[in-house]
Amino acid sequence: MPPRKRATAAQGELFGATSTKDIQDIMWQAADKLRGSMDASQYKEFVLGLVFLKYVSDAFVDRRAAIRADLEAEGASEQNIKDTLEDEDEYTGENVFWVPAEARWDFLAERAAGGRIGELLDAAMLAIMNGNARLKGVLPMIFNRDNVDQTRLAGLVNLMNDARFTGHAGKSAQDVLGEVYEYFLAKFAAAEGKRAGEFYTPASVVRLLVEVLEPYEGRVYDPCCGSGGMFVQAGKFIEAHRGKTHKADLSVYGQEFTERTWRLAKMNLAIHGIEGNLGPRWADTFADDKHPDLRADYILANPPFNMSDWARKSEDKRWKYGVPPQGNANYAWLQHILYKLSDRGSAGVVLANGSMSSKQSGEGEIRKSMVEADLVSCMVALPSQLFRSTQIPACLWFLTKDKTSRGGKLSDRAGQVLFIDARNMGTMVDRTERVLTAEDLAKIAGAYHAWRGTASAKAEGAKYEDVAGFCYSASLEDIRKHDYVLTPGRYVGAAEVDDSDDEPIAEKIDRLTKELFGLFEKSAELEKVVREQLGRVNV
């Protein structure tokens, strides 16, 4: 028996990794060494393609083991077992991709050191696409190129082979790999900065949209789906509240303009076990709607902010509330989304703050028409620095076709709009990025559900009340007085000042004045010391 090769430092770390986070960090560091001369967008597809290949292979092996165990328990012959193990229907019928022998991870890992790993990986991707119709044209075949360091690539394959994807807080290998995929998407978004906006929406923003809309079942649509994060979070929401088996209660539809991002989305859905219709290929939503007859129960979207270069058709039937200007697609997105909603559908849309107040090129009149049609349910002003990809302040629009009580199931909010000012919420995770915490999400979504009287609010006994500085339920007459500007700060007012310390105001002013003069004196003393030190240095 040949001696076992000495483990690399990264492999040694993985052997001792005890959490999904450990695996994510170690794999990212190893994968980052492969970048070399690769274009950033190509590198993203390259690494995530490997993660996907590992996922489909692991899922296939797990299913293969389950088939054998079942047949052995039934006393089947070895020949019968062998034949059944090669029956593709036994896998695809359980939503597991068929993986040909030459594409299985063990086959590739055993040959990683042979110098042909890039060639083998390209062949594996092609074999999987040929064996699974819904992956046709999706997987990257970019591993056998001149700018790919084959030695480092072999090392990454070995590292992924050695990673322990099971035994982490009771999660399955597929769940862990799904989290690795999401983690890598977030890391690529951080690395790519402004360009990341085309494929990634911050996780806490997506969670807020989903927590407010509560998409338990029905058709969910994203007209600019990026890498599919909205769908993944909707699936997680259902899992958390109703269990994995109910993920099938949601039908997923999406569209994406960029080829590489469309591929990432297809892989992302597959790795999370979500059946989705993202169209037969990538396409511009305005110029070539791939779901023309769809009417969705829920729409989640983060369109490109203030997009000036878009396929505008002035006679388009989607422009029911006014023709959007050529120079900005914000109101084209909003009207496309309204057009796609079912009679009782609801939508959550991320847009630039300017969309709430702009009156340029007829946008104010379109907004007025939407408000008067009673289609705006809730407006949320978001804190700054949530998006690494842009410094443009953002907000959330929640739209609905029906604000009535729906037979007593909800509170009747016809003729009203809820305004929420969340600008002071969130926590900085580093110097440039803020996230909304679980408590923030619960507070915002809780206010909405209490206002709407949803089942979740009733279960908790929540009653809606206006809170100065945070939320306010405005009538259409209130909004008319503000000339249809929908900025929450105009409606919620200022937060109440806490005077619970009971210190008399005169004494408080005297104390604070003394503290201020004390600071001035300390500042003067410090300046004197600094000047003396500088004088000695000059001498």
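## Contact of H10 with H15

In this predicted model, helix H10 meets helix H15 through Ser 204, Arg 207, Leu 208, Glu 211 and Val 212 on the H10 side. The partners in H15 are Leu 441, Ile 444, Ala 445, Tyr 448 and His 449. Sorted by class, the residues of this contact are 6 nonpolar, 2 polar and 2 charged.

H10 covers residues 203–213 and H15 covers residues 438–452. Their axes lie 9 Å apart and make an angle of about 25°. Angles under 35 degrees count as roughly parallel, and H10 and H15 are therefore roughly parallel to each other. The crossing of H10 with H15 is right-handed.

## Contact of H3 with H12

Helix H3 spans residues 40–73, and helix H12 spans residues 259–271. The two pack with an angle of about 20° and an axis separation of 10 Å. H3 and H12 are therefore roughly parallel to each other, and they cross in a left-handed sense.

From H3, the contact takes in Ser 41, Gln 42, Lys 44, Glu 45, Leu 48, Gly 49, Val 51, Phe 52 and Tyr 55. H12 contributes Arg 260, Arg 263, Leu 264, Met 267, Ala 270 and Ile 271. The class count for H3 with H12 is 8 nonpolar, 3 polar and 4 charged residues.

## Contact of H3 with H9

H3 also packs with helix H9 (residues 173–192), at an angle of about 175° and with the axes 10 Å apart. Angles over 145 degrees count as roughly antiparallel, so H3 is roughly antiparallel to H9.

On the H3 side the contact is made by Ala 40, Ser 41, Tyr 43, Lys 44, Val 47, Leu 48, Val 51, Lys 54, Tyr 55, Asp 58, Ala 59 and Asp 62. On the H9 side the residues are Ala 173, Gln 174, Leu 177, Val 180, Tyr 181, Phe 184, Leu 185, Phe 188 and Glu 192. The contact of H3 with H9 holds 14 nonpolar, 2 polar and 5 charged residues.

Some H3 residues appear in both contacts: Ser 41, Lys 44, Leu 48, Val 51 and Tyr 55 are among those that meet H12 and also among those that meet H9.

## Internal cavity

The model has 1 cavity of 30 Å³ or more. The largest cavity encloses about 40 Å³ of space.

Its lining consists of Tyr 55, Asn 95, Phe 97, Arg 134, Leu 269, Ala 270, Gly 273, Ile 274 and Glu 275. By class, the lining of the largest cavity comprises 5 nonpolar, 2 polar and 2 charged residues. Two of the lining residues, Tyr 55 and Ala 270, also belong to the contact of H3 with H12.

How values were computed:
Residues numbered from 1 in each chain as written. Predicted model: local features only at pLDDT ≥ 70, side-chain atom pairs only at ≥ 80, totals over all residues. Heavy atoms only, no water. Axes fitted to C-alpha atoms, helices over the stretch in contact; angles between N-to-C directions. Helix = DSSP H or I, 4+ residues; strand = E, 2+ residues; numbered from the N terminus. Parallel < 35°, antiparallel > 145°, perpendicular 65-115°, else oblique. Left-handed = near helix turned anticlockwise from the far one by under 90°. Contact = heavy atoms within 4.5 Å. Nonpolar A, V, L, I, M, F, W, Y, C, P; charged D, E, K, R; others polar. 1 Å grid on protein atoms, 1.4 Å probe; cavity = no way out; pocket = protein on both sides within 12 Å on 5 of 7 lines; lining within 4 Å. Points joined across faces, edges and corners; volume = space filled by probe spheres on them.
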